[in-house]
Amino acid sequence: MHPGRTTGKGPSTHTQIDQQPPRLLIVHIALPSWADICTNLCEALQNFFSLACSLMGPSRMSLFSLYMVQDQHECILPFVQVKGNFARLQTCISELRMLQREGCFRSQGASLRLAVEDGLQQFKQYSRHVTTRAALTYTSLEITILTSQPGKEVVKQLEEGLKDTDLARVRRFQVVEVTKGILEHVDSASPVEDTSNDESSILGTDIDLQTIDNDIVSMEIFFKAWLHNSGTDQEQIHLLLSSQCFSNISRPRDNPMCLKCDLQERLLCPSLLAGTADGSLRMDDPKGDFITLYQMASQSSASHYKLQVIKALKSSGLCESLTYGLPFILRPTSCWQLDWDELETNQQHFHALCHSLLKREWLLLAKGEPPGPGHSQRIPASTFYVIMPSHSLTLLVKAVATRELMLPSTFPLLPEDPHDDSLKNVETGQLQTNRARATVAPLPMTPVPGRASKMPAASKSSSDAFFLPSEWEKDPSRP
């Protein structure tokens, strides 16, 4: 695997990024549906790969292969490296565009099964002919079937057809149904997952069933999820909470509660884009030579990166000018090495923390505690973060400046009564409230009715267990 160039002076993220699995995409779209889906799918694939192939730094996608299933299965693209290979991928997309869009044919039920088996065999052959270092990366495969057929029927067809096939090297198997119409109010951040789908027990692996709209944006968003670090071998962050952080009352033997979390990027670093890696645009790097939170967490394979909460703050007490760098998302871990009871308890505690922070309008101030340095490493400077709740089962993490980094500034108070003529000109001429949007997200993010994920409400006792009333809560008159 080509390690690629890195854009910072800190260590690269090979440890985690290189674990991204190879991906096999099988397009299972028969006529006449192909005529409606072809243009949107090809445009989405071209937009996605133009980004994925050109990102600087470690590769976020290792291998990719594409099959087409209509009257029979056809390998459009054998497994190839993604990074730096846009020309070949673009040729493959052009072949998709030229496939027959009109007519009819007799569907062959075995074609989809044969495509899966052929892709698996090709992957095994590729793995045997790569270097030892790369072979460690290509241990498992993710298979995605993009279909215009009813998703549940395709799942049943796969269960029956592949029951004698060895799927031990399949890390994830998903069927994605492309809907003919546009679902209203779809969460643009992630495809809708059919929670009513029964897990496949016949194959010894679960088949995820998802639904996406037949439009370019929805398909692009689905493919961009492939750029996320999807490793579940271990949790990435330990969020440590102790009662001393929230109250002046200390209790003997008060061990901090540890919430095990995964870290997710919210945005791609602008410096990873072609044309910005020369240092002219480094929005992600106001930190100088310090390592970002994501890199620190990725490097912590032996021991976990810790965020030690040191105090709770009123949300209104944070000046946004003190935060810097790209935001990250904390979510309850999905590490497969934890047992189900621990995973469930951890998620419940995480949910209770989110609920408690929202109810009190609080945020948390935390100090990063990286694992101990090795013999030749220097102890990194401490980094502090603010952790903000949201109405989803996630927390927002942003770096916050310390006193040493702050420059003196004066902020005069805003006068209560602006000049009447100026106020009238601004409100009637420049600010038109009827054009104001309710959200600042690029796309609407409202759950589909009936498809919203079910999250158990946090009980009062579990959420209150995180915080003891502080002095200013008991006496609101105090500053």
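How many helices and strands does the secondary structure of the protein come to? The count is 12 helices and 14 strands. It's worth saying right away that this is a predicted model, with a mean pLDDT of 75 for the protein. Of its residues, 65% reach a pLDDT of 70 or more. Two stretches fall well short of that mark. Over residues 182-202, pLDDT stays under 50, and the model has 45 contacts beyond four places in sequence for them. Residues 469-479 also stay under 50, with 10 such contacts.

On to the chain as a whole. The protein has 479 residues, and 43% of them count as buried. Its accessible surface comes to about 26,600 Å², with carbon and sulfur atoms making up 52% of that. Take the contacts with a separation of 6 or more: 79% of them link residues 24 or more positions apart. As for cysteines, the number of disulfides is zero. Two of the residues worth a glance here are Cys53 and Cys269. Cys53 has a relative accessibility of 7%, so it counts as buried, the cut-off being under 20%. Cys269, at 17%, is buried too.

Now for the barrel. Seven strands close into it, in the order β8-β9-β11-β14-β13-β12-β10, and the pairing is mixed. Neighbouring strands of this sheet are turned by 40 degrees against each other on average, if direction is ignored. Helix α9 (residues 340-360) packs on the sheet and touches β8, β9, β10, β11, β12, β13 and β14. The direction of α9 makes about 85 degrees with that of β9.

What holds the strands of a sheet together? Strands pair through backbone hydrogen bonds, and they can do this in a parallel or an antiparallel way. In the barrel, β11 (residues 323-332) and β14 (residues 395-400) go for the antiparallel option, with five bridges. One of the pairs to look for is Leu330 with its bridge partner Leu395 in β14.

β12 (362-369) has its own set of partners. Eight bridges join it to β10, and these two strands run antiparallel. Leu307 has Gly368 in β12 as its bridge partner. β12 also pairs with β13, again in the antiparallel sense, over four bridges. Here Ala366 stands opposite Tyr385 in β13. Is β12 mostly covered or mostly open? Six of its eight residues are buried, so the strand is mostly covered.

Just ahead of this strand sits Glu361, in the loop between α9 and β12. Is Glu361 buried or exposed? Its relative accessibility is 55%, and since anything over 50% is exposed, Glu361 counts as exposed. The backbone of Glu361 is a bit of an oddity, with a phi near 55 degrees, a positive value in a residue other than glycine. Most residues other than glycine have a negative phi.

One last stop is Ser230, in the loop between α7 (216-224) and β8 (237-241). Ser230 is partly exposed, with a relative accessible area of 25%. Which residues does Ser230 touch, leaving aside its neighbours within four places in sequence? Its contacts are Gln20, Pro21, Arg23, Glu142 and Arg171. Ser230 and Gln264 are 34 residues apart along the chain, and their C-alpha atoms are separated by 9.1 Å.

Note on methods. Residues numbered from 1 in each chain as written. Predicted model: local features only at pLDDT ≥ 70, side-chain atom pairs only at ≥ 80, totals over all residues. Heavy atoms only, no water. Disulfide = S-S within 2.5 Å. Buried < 20%, exposed > 50% of the residue type's maximum accessible area, 1.4 Å probe, protein only. Contact = heavy atoms within 4.5 Å. Areas by Shrake-Rupley, 256 points an atom, 1.4 Å probe, with all protein chains shown as cover. Pairing = 2+ DSSP bridges. Axes fitted to C-alpha atoms, helices over the stretch in contact; angles between N-to-C directions. pLDDT = per-residue confidence, 0-100.
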